[in-house]
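Q: I am new to protein structures and would like a close look at one single part. Could you walk me through it step by step?
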Amino acid sequence: MTYLPFSADWLTGGVRGLPRLSSWTWARAWSRRLSPVRLGSVRLSSAHLGAVRPGSVRLVSAALLLVMGLGSMAQAARLDDELLARDKTHQMPDLRPYPAGNQRKVAFFELMIPLVVAENQRIAEQRDWLLAMRKRAGDGGRDYSEREQERLNGLCDQANLPCDVTREDIGVSWTRLLLRIDTLPLDMVLVQAIEESGWGTSGHARDANNLFGMRCFSRGCGIGPPGREYRRFESLEAGIAAYFDNLNSQRSYAELRELRGRLRNAGQPVRAEDLIPTLSAYSTRGNAYFTTLYDLLRWNRGLMRTVRERLAANGALS
């Protein structure tokens, strides 16, 4: 058994089309081929490993030693923090080398499912905290600390609501805020990403980390024709978060939020099938758009479930 070292691509130039790698990522190899290796939520094969530049480990080691030699341990720690922070975000890899069909589908789901699950978990934690704060307020415990006020104001900004949080009041109804801080069905997010990015192969997916076809309308704001450009995101995570913010905060999707809230209050599951008809503002295609999303659900739900179960069993879903 041998181990192959990798380095961070911000030091070495990295592997074209793949996310940034942490400074020490070890890939196990045996016999005459390498097994697929998971880095975060991205799966690397022997073809990817072969693209790593020789000598990259020496560059990382030299850089760390240089920082420690010229500066302090604090500087070295800051460099390590930067490496760790970079490893938490991903750039869109090029999935076009995967043949169309199940191979590309599996690669797409293995990339996207952990990222969407992580965003839902982040929002679920925010929602749980808000529910606890609402309960405390109802029990007469409204003496919000400065830190609690800061977090409440931040969540109001995220929800695009004009709150004015004080020690005694949040300045907006809890119901309105909670309607906008909520999760979305994984399979609905995935089928929209499939449709809007061509299974991750569109130019705005590959070049701008934009898998949901989100546009901007000022010159130079993204990529594409002036005045009707696709938004550019620094990472896949940022693009996914913007998609969630769009559906959770813009008035065009008020119907989605109201329906989701009613289902929650009734103790019923929030399903993709229920929410898809509320996405009329997302596309000018009307019912044809809904039909496409329903078809993608029907054709791919089994594979989504299989990939998610395998990722969970392998510990890839935190």
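How many of the 14 residues of α10 are buried?

A: Happy to help! This is a predicted model, in which local features need pLDDT of at least 70 and side-chain atom pairs count only at pLDDT 80 or more, while totals for chains, interfaces and linings use all residues. Residues are numbered from 1 along each chain as its sequence is written, and side-chain values use heavy atoms, with hydrogens and water left out.

The answer is 11 of the 14, so α10 is mostly covered. Buried means under 20% relative accessible area, exposed means over 50%, and partly exposed lies in between (1.4 Å probe, protein chains only). The name α10 comes from counting along the chain: helices (H or I, at least four residues) and strands (E, at least two) are DSSP runs, numbered from the N terminus. The chain has 13 helices and eight strands, and 46% of its 318 residues count as buried.

Let's check the length of the helix. α10 covers residues 236–249, and at 1.5 Å a residue its 14 residues should span 20 Å; the C-alpha atoms at its ends are 20 Å apart, which agrees. That expected span is 1.5 Å times one less than the number of residues.

Now to the buried residues themselves. They include Leu236, Gly239, Ile240, Ala241 and Ala242, and among them are also Tyr243, Phe244, Asn246, Leu247, Asn248 and Ser249. What do they pack against? The partners are α5 (102–138), α6 (146–158), α7 (174–180), α8 (186–197), β8 (229–231) and α11 (254–265). Contact here means heavy atoms within 4.5 Å.

Phe244 makes a good example. Phe244 sits in helix α10 and is buried, with a relative accessible area of 0%. Leaving aside neighbours within four places in sequence, Phe244 is in contact with Val116, Glu119, Asn120, Ile123, Leu184 and Val189. Phe244 also lies 9.5 Å from Ile181, C-alpha to C-alpha, although the two are 63 residues apart in sequence.

Next, follow α10 to α11. Their axes come within 7 Å and cross at roughly 80°. Axes are lines fitted to C-alpha atoms, for helices over the stretch in contact, and angles run from 0 to 180 degrees between N-to-C directions. That makes α10 roughly perpendicular to α11. Angles of 65 to 115 degrees count as roughly perpendicular, under 35 as roughly parallel, over 145 as roughly antiparallel, and the rest as oblique. At this contact, Leu247, Asn248 and Ser249 of α10 meet Leu256, Arg257 and Arg260 of α11.

Finally, α10 takes part in something wider. The largest nonpolar core has 71 residues, and Phe109, Met188, Phe212 and Tyr243 touch the most other members. Such a core is a set of buried Ala, Val, Leu, Ile, Met, Phe, Trp, Tyr and Cys residues joined through side-chain atoms within 4.5 Å. Elements that give two or more residues to this core include α5, α8, α10 and α11, and α5 gives the largest share, 14 residues. Met188 links back to our helix: not counting residues up to four places away in sequence, Met188 touches Tyr243 and Leu247, along with Leu256, Ala272, Leu275, Ile276 and Leu279.
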